[in-house]
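Here's a look at the empty spaces and the ligand site in this one. Grab the model and follow along.

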Amino acid sequence: MIDDLPPLRDVVTRHGLDAKKTLGQNFLYDLNLTSRIARAAGPLENATVVEIGPGPGGLTRALLAQGARVVAIERDQRCQPALAEIAAHYPGRLTVVEGDALEIDVAELARMHGTQGPARICANLPYNVATALLTRWIEAEPWPSVFDRYVLMFQKEVALRIVATPAQRSDYGRLAVLCGWRTKARILFDVSPSAFTPPPKVTSSIVELVPNPAPLPCDPGALSRVAQAAFGQRRKMLRQSLRSLGVDAGEMLAHAGIAETKRAEEIEVAGFVALADAFAAQRPTKASAR
Ligand code: SAM
């Protein structure tokens, strides 16, 4: 028991919250597990936690029980009555924002609702928008943002792509380059499909991302475009794959001090930063355009 609120299974039944696949709804009913996830984001006394997709509130309750002030963004209106019950149980500590997390400036939200303590993001992310959300947060300016830690659930396959280095060739790609540039990312633990209702087809993983306070200076848009071009044709040599950027790939590689015959999978994050700088130098006004 982490609180006096009713079991989550009863909450879901009472409010008719049958899971919708289109909203990536796979709920956690086990408060021991949600407490473990909340602990990974802790200590939470005085912390402001932005949670994406609270659903019926399993993780929300664990975060609140451990002392956090929670600002939760939920797209599914049906969850509001269940979340209002939790808010009433923890007066003044839970704010629910109804909307699409992709359209909300989470740093601004944390600043508006935060206190003096640290700000974090902790979420069992809806899988259909998880990568888009993470990319947006990592590319945000200014950096470091207000958040001192991100503790997030992804499909394991995505988690492996976040923490990959050139040593894990097939997983290393744009996501790993962006996350490796601005954060230190690691997988904390796996969560089996049977922990969810309904169970997804795949294993999930909790990932911790701690912002790097002084990443190599670089334009995030340029870095993202260069990595996308390079990994878009990962079997090809860079002198070939980077041509899709519409610039002189040979000149870019020379500027970055990287051999033309290298492939994307062989280049460390610092090499991609050098390539992004070279790209921006060739195309000063268009480098960050999407
Ligand atoms: N946190 C709950 C738990 O762990 O049981 C639910 C997690 S469920 C994987 C994802 C949640 O995100 C759902 O409640 C869903 O309605 C919500 N959601 C889906 N897309 C969203 C979006 N674009 N913005 C905000 N919430 C979203």
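What follows walks through the ligand site, then the pockets, then the enclosed space.

Keep in mind that this is a predicted model.

**The ligand**

Let's start with the ligand itself. Its shell holds 20 residues, and Leu28, Gly53, Glu74, Asp100 and Asn124 are the ones that come nearest. By character, the shell splits into 8 nonpolar, 7 polar and 5 charged residues.

Which atoms of the ligand pair up with glutamate 51, glutamate 74 and arginine 75? Here are the distances:

| Residue | Protein atom | Ligand atom | Distance |
|---|---|---|---|
| Glutamate 51 | polar side-chain atom | nitrogen | 3.5 Å |
| Glutamate 74 | side-chain N or O | oxygen | 2.6 Å |
| Arginine 75 | backbone N or O | nitrogen | 3.4 Å |

So much for the contacts; now the cover. On its own the ligand would expose 600 Å², and the protein buries 99% of that. Two elements each give two or more residues to the shell: strand S1 (27–28) and strand S3 (69–74). Glutamate 74 shows up here twice, being among the nearest residues and having a side-chain N or O atom 2.6 Å from a ligand oxygen.

**The pockets**

Where does the ligand sit? The space it takes is the largest pocket. That pocket has a volume of about 400 Å³. Its lining counts 30 residues, with Leu23, Gly53, Glu74, Asn124 and Pro126 nearest the centre. S1, strand S2 (48–52), helix H3 (58–65) and S3 each give two or more residues to that lining. The lining breaks down into 15 nonpolar, 11 polar and 4 charged residues.

Next comes the second largest pocket, with a volume of about 300 Å³. It is lined by 14 residues, and those nearest its centre are Lys21, Asn26, Tyr127, Pro200 and Lys201. In this lining you'll find 6 nonpolar, 5 polar and 3 charged residues.

**The enclosed space**

How many cavities of 30 Å³ or more turn up in the whole structure? The search finds 1. About 40 Å³ of space lies in this cavity, and the residues lining it are Leu5, Pro6, Val11, Pro56, Arg61, Ala82, Glu85 and Ile86. Helix H4 (residues 80–89) supplies the largest share of the lining, 3 residues. The lining is made up of 6 nonpolar and 2 charged residues, with no polar ones.

Conventions. Residues are numbered from 1 along each chain as its sequence is written. This is a predicted model: local features need pLDDT of at least 70, side-chain atom pairs count only at pLDDT 80 or more; totals for chains, interfaces and linings use all residues. Side-chain values use heavy atoms; hydrogens and water are left out. On a 1 Å grid over the protein atoms alone, a cavity is a set of points where a 1.4 Å probe fits but cannot get out, and a pocket is an open set with protein on both sides within 12 Å along at least five of seven lines; lining residues have an atom within 4 Å of a point. Grid points are joined across faces, edges and corners, and a volume is the space filled by probe spheres set on the points. Helices (H or I, at least four residues) and strands (E, at least two) are DSSP runs, numbered from the N terminus. Ala, Val, Leu, Ile, Met, Phe, Trp, Tyr, Cys and Pro count as nonpolar, Asp, Glu, Lys and Arg as charged, and the others, Gly among them, as polar. A residue is near a molecule or strand if one of its heavy atoms lies within 4 Å of it. A polar contact is a pair of N or O atoms within 3.5 Å; within protein, one must be able to donate a hydrogen and the other to accept it, and residues adjacent in sequence count only if both atoms are side-chain atoms. Accessible areas come from the Shrake-Rupley method with a 1.4 Å probe; for residues, only the protein chains shown count as cover. A molecule sits in a cavity or pocket if more than half of its atoms lie within 2 Å of its grid points.
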